[in-house]
Amino acid sequence: LWLAMALAGYVGVMAMSGLIFRKFYANPTFESWQYKSNPKYPTCEMVRDEIIQTSKGVSVSVLCPAFSIWLAGKNSSLTQAYCGIHPELGAFRMIFEFFFIVLASDFTEFLYHYAGHYYTFMWDVHKHHHVFYNPSPFAVIADEWLDQFVRSTPLLFLPMITPLNMDLLFGTYLIFFYGYGVYLHWGFEVDCLPADHPIMNTSFQHYAHHAISVKNKPYHTGFFFKIWDQMFGSIYTGETVISAMEARKRGLRTRAHWDKVEKVDYSPLTTLSFWMTNEKKKM
């Protein structure tokens, strides 16, 4: 079960991240670059390291889901997971379940992520993710094993707290959470979610997080909602990094600036020899 889920997860992760990467990184345009938070593109070596780290993350991230399915299959008293429409709770119950999954998972993700920066011993684990300070869509779960295991625990523990539809739970994590994670690590901004959005964490906030949030300095450690960072005082208000929206206002995203940007050739990512090398080049 674990192996099947790991393989399916790897294919899904690579497909979702790969499609976005191909369009915006492998085939960059001046028009899209104007919306890129960091005007530079990551090196081939950095993207390769993201993919390797993500492969490790996938292998661990399915442990809790696999155990959760196993418990449900055994009709264990430890879980209240179910499939289909609950005969007593009905279909509308799943609306509540969706919001419960999102809010509970979003807060636990924020709290663990905040602690990963605030406490030195936790930063020693989480710092490996911050090697990717100009991340691509492949960096969503480019974590060390412990980080990714803890982040996947809601898939095991939430059905222990209340009855949850397993299809809804897994679908929410795969499409909603990973999909939004791809957006956060995408590196590009969109007009419908401006960098100064009052409620939602945007791709700019997460780029800023990767760029300036280090040991003992948690900034923008939330996932979906800004309220947690607002409550904990971890909103960044400095000028070390600025959004693409602000850069355009300051005249920093002109065609002349674009012409000076190095357009990285990512074709080596499709060759076996490149993956066999141990060369690691920082951006």
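Let me start with one term: a residue is called buried when its relative accessible area is under 20%. What I am showing is a predicted model, and I will go through some of its salt bridges.

The count comes to 8 salt bridges. I will take three of them.

The first on my list joins the side chains of Glu144 and Lys56, with 3.1 Å from N to O. Glu144 sits in the loop between helix H6 (120-126) and helix H7 (145-152), while Lys56 belongs to helix H3 (residues 44-61), so this pair ties together parts that are 88 residues apart in sequence. Is Glu144 buried or exposed? Its relative accessibility is 18%, and the cut-off for buried is under 20%, so Glu144 counts as buried. Lys56 has 22% relative accessibility and counts as partly exposed.

Next, Glu109 and Arg151. Their closest N and O atoms are 2.9 Å apart, in a salt bridge. Glu109 is in helix H5 (residues 93-118) and Arg151 is in helix H7, so here the parts tied together are 42 residues apart in sequence. Both Glu109 and Arg151 are buried; for Arg151 the relative accessibility is 18%.

Arg151 also forms a salt bridge with Asp143, where the closest N and O atoms are 3.3 Å apart. Asp143 is buried, at a relative accessible area of 2%.

Which residues do shared partners join into one network? They are Glu109, Asp143 and Arg151. Arg151 has a salt bridge to Glu109 and another to Asp143.

That is the end of my part.

Notes. Residues numbered from 1 in each chain as written. Predicted model: local features only at pLDDT ≥ 70, side-chain atom pairs only at ≥ 80, totals over all residues. Heavy atoms only, no water. Salt bridge = Lys/Arg side-chain N within 4 Å of Asp/Glu carboxyl O. Helix = DSSP H or I, 4+ residues; strand = E, 2+ residues; numbered from the N terminus. Buried < 20%, exposed > 50% of the residue type's maximum accessible area, 1.4 Å probe, protein only.
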